[in-house]
Amino acid sequence: MYNNSDDIVALATVAGKSALNVVRLSGKRCELFFQQLTKTQKKPTPNHVYPKYIYSKQGDNPFDFASLVYYKAPKSFTGEDSLEVSVHGGMLIANKLIQTLMSFGARQALPGEFSYRAFVNNKIDLLQAEAISSIVEANNSIDSYYLLNNIKGDLSRSLEKTKTDITSLITEGEYEIDFTDEEITEDRKKALNSRLLGCQKKIDK
């Protein structure tokens with residue numbers, strides 16, 4: 001079970017050789033971690049890119065020159081304070097950064113934990129969380145296109161509209177129960193049935 005009170009850290013990019021790697025942090029102490037990493041007392045300004053040398057807990061010499069971006073809650077992916085650090089490629093530096101942050105008090109994030117926090121903080125819904133997981137595994141551009149629409153909330157909005165339409169039909173149906181069969185016209189029955197079939201088609205789609 002996830003512990004939402006912890007500060008969590010993980011590699012946000014694919015492990016392996018690349019020009020850059022991004023390490024993501026989420027939790028209440030991201031401002032402090034920024035100060036510890038950069039050996040500065042100044043608190044970071046949200047959404048500002050800081051090109052800085054970064055240091056380990058015991059080291060006086062920097063181990064990389066990185067770009068750091070701090071996001072203030074709730075204006076982040078998880079809805080919590082977050083810090084993203086872009087370091088030079090190769091797993092050696094990324095692992096060094098993760099170990100340094102863990103020495104400061106963060107813990108390694110569990111699989112899907114960043115998306116889980118975004119979900120519980122109402123930044124994304126369950127369909128969007130599932131789409132984020134699936135898009136990582138997508139094998140072609142068509143998959144990615146439809147999953148990206150889900151991440152944007154298209155499917156959630158479509159389902160919510162259909163839910164509203166069905167609720168309206170139920171309300172009208174309950175209202176019609178108070179009338180006798182003779183009072184309900186054939187045109188009225190057809191209209192309600194047509195709307196119901198329309199909802200069914202949307203759900204099938």
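Of the 205 residues in the chain, 34% count as buried. The structure is a predicted model, and its chain contains seven helices and six strands. The six strands form an open sheet with mixed pairing. The points below treat the chain as a whole, then the sheet, helix 6 and threonine 38.

**Overall composition**

- Along the sequence, the helices and strands succeed one another in the pattern β-β-α-β-β-β-α-β-α-α-α-α-α.
- About 13000 Å² of the chain is exposed, and 56% of this area is supplied by carbon and sulfur atoms.
- Of the contacts between residues at least 6 apart in sequence, 55% join residues at least 24 apart.

**The sheet**

- Strands of a sheet pair through backbone hydrogen bonds, in either a parallel or an antiparallel manner.
- The strand order in this sheet is 3-4-5-2-1-6.
- Strand 3 (49-54) and strand 6 (107-108) are the edge strands, each of which pairs on one side only.
- Strand 1 (residues 8-11) and strand 2 (residues 20-26) run antiparallel and are joined by four bridges.
- Leucine 11 has valine 23, in strand 2, as its bridge partner.
- Helix 3 (residues 113-120) packs on the sheet, where it touches strand 1, strand 2 and strand 6.
- The direction of helix 3 makes about 130 degrees with that of strand 1.

**Helix 6**

- Helix 6 (residues 154-176) comprises 23 residues.
- From its first C-alpha to its last, helix 6 reaches 33 Å, which is close to the 33 Å expected at 1.5 Å a residue.
- The buried residues of helix 6 are Ser156, Thr162, Leu169, Glu172 and Glu176.
- An α-helix has 3.6 residues a turn, so residues three or four places apart point the same way.

**Threonine 38**

- Threonine 38 belongs to helix 1, which covers residues 30-38.
- The relative accessible area of threonine 38 is 8%; threonine 38 is therefore buried, as the cut-off for that class is under 20%.
- The side chain of threonine 38 reaches the backbone oxygen of phenylalanine 34 at a distance of 2.7 Å.
- Apart from neighbours within four places in sequence, the residues in contact with threonine 38 are Lys52, Tyr53, Ile54, Tyr55 and Leu68.
- Among these contacts of threonine 38 are Lys52, Tyr53 and Ile54, and the edge strand 3 spans 49-54.

How values were computed: Residues are numbered from 1 along each chain as its sequence is written. This is a predicted model: local features need pLDDT of at least 70, side-chain atom pairs count only at pLDDT 80 or more; totals for chains, interfaces and linings use all residues. Side-chain values use heavy atoms; hydrogens and water are left out. Helices (H or I, at least four residues) and strands (E, at least two) are DSSP runs, numbered from the N terminus. Buried means under 20% relative accessible area, exposed over 50%, partly exposed in between (1.4 Å probe, protein chains only). Contact means heavy atoms within 4.5 Å. Accessible areas come from the Shrake-Rupley method with a 1.4 Å probe; for residues, only the protein chains shown count as cover. Two strands pair if DSSP finds at least two bridges between them. Axes are lines fitted to C-alpha atoms, for helices over the stretch in contact, and angles run from 0 to 180 degrees between N-to-C directions. The expected span of a helix is 1.5 Å times one less than its number of residues. A polar contact is a pair of N or O atoms within 3.5 Å; within protein, one must be able to donate a hydrogen and the other to accept it, and residues adjacent in sequence count only if both atoms are side-chain atoms.
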